[in-house]
Amino acid sequence: LIAFQSFKGDRVTAATVRAFVMQFPEKLQDAVLCLLENTEMIEPRTVASLVVKHFKELRAQGVKRVAIVPIGNMTDSASHLLYELKHHPDPEIQAIGPTIAPLQAATLKTSDHVIFFDDNVNSGHQVLNVFADWLGVELPEGVNLGEKHVDPLPAAAQDKLRTIPISLVFGVGPEGVEEIVSKLFKEYLTIDPSKVFMEVGKTLHANQRLLSGDEAPVDIPRRRELREFLDEVGRALMLDERKSPEAAERRALGDSRAEGLVVFPYNTPTMTITALWCRGVFKNREWTPLIERRRNRRPDGELCGEDS
């Protein structure tokens, strides 16, 4: 975790680990240290390698005009991967590096296939919202995240986006997310699932969760008790943000209770266990996370983009 740097400039040090662990009951402190040892840092270059691999596969299949596009705009998380792509050692990738940019009508007009990429996918709602923005679709409550990422494309470009073969490449995501995104695109965007290919570099399998999985690869001591405590903390932090009891339940152990243990050098995804990244109040004391997440806020200060 030494490579992690929060939006405040904080890094993980022996002192911050100690302060974080001291928030846990003494009998669980060894267990939480074991959990932290098994939290995985996902480097941007590994995600970029997935994009390059898929690009080369398409070219080998005879697809000549392949565009590479970040999901969202230059301020969204995919922008962290641009450096790795634009300065890739492969000459072919170097040649197209300068053309990698937010989606434009001209990109669609001159392409036979578009690879869209981001560092992670969770519920599938964020990628749905970005595509809905491009297509000028107003999403209903329940899947609308209430944030604007990009401007609508011209009508002709929208038609092309609905019909052109596309690939969605992500660094990490939960088990079954491919089917979820396919259904979301079909239901809300009328995009034929046969036109959508999706690849996730690291899949978080439910049976391999360290705190509850039947086939957990690591034996965490007191894992049931640790899970119960993390669940209690996560609920309190979400309720402190005025989430509903149902939302607090769903997000107490990471979004959709995913129990994720992944982090990027620049941010922590919401699928990771909430107590690791969320600041708030637990039992009348401030809870200080170890790998604090940068939160999206509207101009009025309200959090957005994480619930649906």
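**Reading Glu292 and the parallel sheet**

Trainee: In this predicted model, why is Glu292 called buried?

Mentor: The relative accessible area of Glu292 is 10%, and since buried means under 20%, Glu292 is called buried because its value falls under that cut-off. Glu292 lies in the segment after β8 (285-287).

Trainee: What makes the pairing of the Glu292 and Arg279 side chains a polar contact?

Mentor: The side chains of Glu292 and Arg279 are joined at 3.0 Å, and a polar contact needs a pair of N or O atoms within 3.5 Å, so the distance satisfies the cut-off. The side chain of Glu292 also makes a polar contact with that of Lys8, at 3.4 Å, which again lies within 3.5 Å.

Trainee: Which residues does Glu292 touch, leaving aside those up to four places away in sequence?

Mentor: Glu292 touches Phe4, Ser6, Phe7, Lys8, Asn267, Leu276, Trp277 and Arg279, so Lys8 and Arg279 appear both in this list and as polar partners of the Glu292 side chain, where contact means heavy atoms within 4.5 Å.

Trainee: Turning to the sheet, how do you know that β2 and β3 pair?

Mentor: Five bridges join β2 to β3 (residues 113-120), whereas pairing requires at least two, so the two strands count as paired, and they run parallel. One of the bridge partners is His113 in β3, which is matched with Val66.

Trainee: What is the order of the strands in this open sheet?

Mentor: The four strands follow the order β2-β3-β4-β5, with parallel pairing; β2 (66-70) and β5 (196-204) are the edge strands, because each pairs on one side only.

Notes: Residues numbered from 1 in each chain as written. Predicted model: local features only at pLDDT ≥ 70, side-chain atom pairs only at ≥ 80, totals over all residues. Heavy atoms only, no water. Buried < 20%, exposed > 50% of the residue type's maximum accessible area, 1.4 Å probe, protein only. Polar contact = N/O pair within 3.5 Å; in protein donor to acceptor, adjacent residues only side chain to side chain.
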